[in-house]
Amino acid sequence: MIAAYCSNCKTVELGDLSQANTLPDDVMWIDMIEPTREEELYLEKALGIEVPTRDDLKDIEPSARLYVENDAVFMTASLVWKAETDAPTLTDIAFILVGKRLITIRYALPKSFALFIAALHRVPAQCRNGAALLSKLFETIIDRTAEILEISVARIDILSMHVFGDRARKVRRPSNYLEEKLRDIAGHHRLVSKVRDSLASMSRLMTFFYNVPAVQQDRETRELCKTVSRDIQSLNEHASFIAGNITFLLDASLGLINIEQNSIIKIFSIASVVFLPPTLVASIYGMNFEFMPELHFAHGYPISLGLMVISAIIPFFFFRWKGWL
């Protein structure tokens, strides 16, 4: 699908692609969403460039993601997609500057694009050219990334309260409660990792984009690029801080699981020690020797039971006195 926007922010109908050879003069942005081969050939013929394919966007080599060819600037960045779901992922998006036009090629629907399209009418008329629009699109992308991190921080705070619990309310938790929280921690770690990868990709792209002649010739666009670059740096630091908190939460959860397991093992260990003396008494008087004087006692049975009870009570109170129970 091809969505085209003209200088007055109206959507342009491109008509039959098989018959078109040129683009309307007032088209300033062409947004290609999962383009077909026919649509790619149309743009190649209309703009005189080679449109990157889906496989080309996956190339991780810097020379294949940031380059200039036939006076057209090609840039590829990885953006976070499906951040609100349990399976966030990265999607590669191409940004191409051809003259005063901007072309974007994407195979996903990041929310940042929808936000930018909704606010496109607020872009000043003098800024409605390829380089200026792209700089504002990057600003929207970084703003959306900051929003993702803010949402992640709020969810991690809630998760932290669930892990450590409320000290005032001593509510017994299910046995697999912390194990389930480990899965939530892994999900947050996955999201923050994707955000950091996206920010690294955007940082490299902004360095390249800043040196594009169309950016250097426009002071406002140049200043906006500097602002976006500073925002990327600050978000990188914030993402590292969040990653550190997630690591702490992971270590704390594993530590709490070990403490609970050790408490269970301690109970079994103390129980075995408490019942060891009674077992010893029962074993002694369970022996089948012929000459055992106690076997002829009239009160031998209750005496042996009393010895077993006393031998169990003494270790129990000893452990309580030591603070082991």
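**Entry 1: the main core**

I began with the interior of this predicted model, where the largest nonpolar core has 56 residues. I noted the residues with the most contacts inside this core, which are Trp29, Met75, Phe95, Leu134, Phe138, Leu205 and Phe209.

I then looked up which elements supply at least two residues each, and found four strands and four helices listed: E1 (2-6), E3 (27-33), E5 (72-81) and E6 (89-98), together with H4 (111-118), H5 (130-164), H6 (177-210) and H8 (219-274). Which helix gives the most to this core? I found that H5 does, with 13 residues.

**Entry 2: Phe95 and a second core**

I chose Phe95 for a closer look, since I had already listed Phe95 among the residues with the most contacts inside the largest core. Leaving aside residues up to four places away in sequence, I saw that Phe95 touches Val73, Phe74, Met75 and Ala77, then Ile103, Thr104 and Phe113, and further along the chain Leu134, Leu137, Phe138, Ile141 and Leu205.

I also recorded a second, separate core of 19 residues, which includes Ile2, Val27, Ile96 and Ile103. Ile103 thus appears in my notes twice, as a member of this second core and as a residue touched by Phe95.

**Entry 3: the chain as a whole**

I stepped back to the whole protein chain, which has ten helices and seven strands. Of its 325 residues, 40% count as buried. I noted that the chain exposes about 19,000 Å², and that carbon and sulfur atoms supply 57% of this area. Among contacts between residues at least 6 apart in sequence, 64% join residues at least 24 apart.

**Entry 4: a nonpolar patch on the surface**

I wrote down as background that nonpolar side chains tend to be buried together in soluble globular proteins. With that in mind I turned to the surface, where Leu280, Ile284, Tyr285, Met287, Phe289, Ile303 and Leu307 form a nonpolar patch with about 650 Å² of accessible area together. Helix H9 (276-284) and helix H10 (300-322) each supply at least two residues of the patch, while Tyr285 lies in the loop between H9 and H10.

**Entry 5: Tyr285 and Ser304**

Is Ser304 buried or exposed? I found that Ser304, which lies in helix H10, counts as buried because its relative accessibility is 12%, under the cut-off of 20%. Tyr285 has 32% relative accessibility and therefore counts as partly exposed. I last checked the contacts of Ser304, which touches Val281 and Tyr285 when residues up to four places away in sequence are not counted.

Note on methods
Residues are numbered from 1 along each chain as its sequence is written. This is a predicted model: local features need pLDDT of at least 70, side-chain atom pairs count only at pLDDT 80 or more; totals for chains, interfaces and linings use all residues. Side-chain values use heavy atoms; hydrogens and water are left out. Patches are made of residues with over 30% relative accessible area and no salt bridge: like charges are joined within 9 Å, nonpolar side chains (Val, Leu, Ile, Met, Phe, Trp, Tyr) within 5 Å. Accessible areas come from the Shrake-Rupley method with a 1.4 Å probe; for residues, only the protein chains shown count as cover. A salt bridge is a side-chain nitrogen of Lys or Arg within 4 Å of a carboxyl oxygen of Asp or Glu. Buried means under 20% relative accessible area, exposed over 50%, partly exposed in between (1.4 Å probe, protein chains only). Contact means heavy atoms within 4.5 Å. A nonpolar core is a set of buried Ala, Val, Leu, Ile, Met, Phe, Trp, Tyr and Cys residues joined through side-chain atoms within 4.5 Å.
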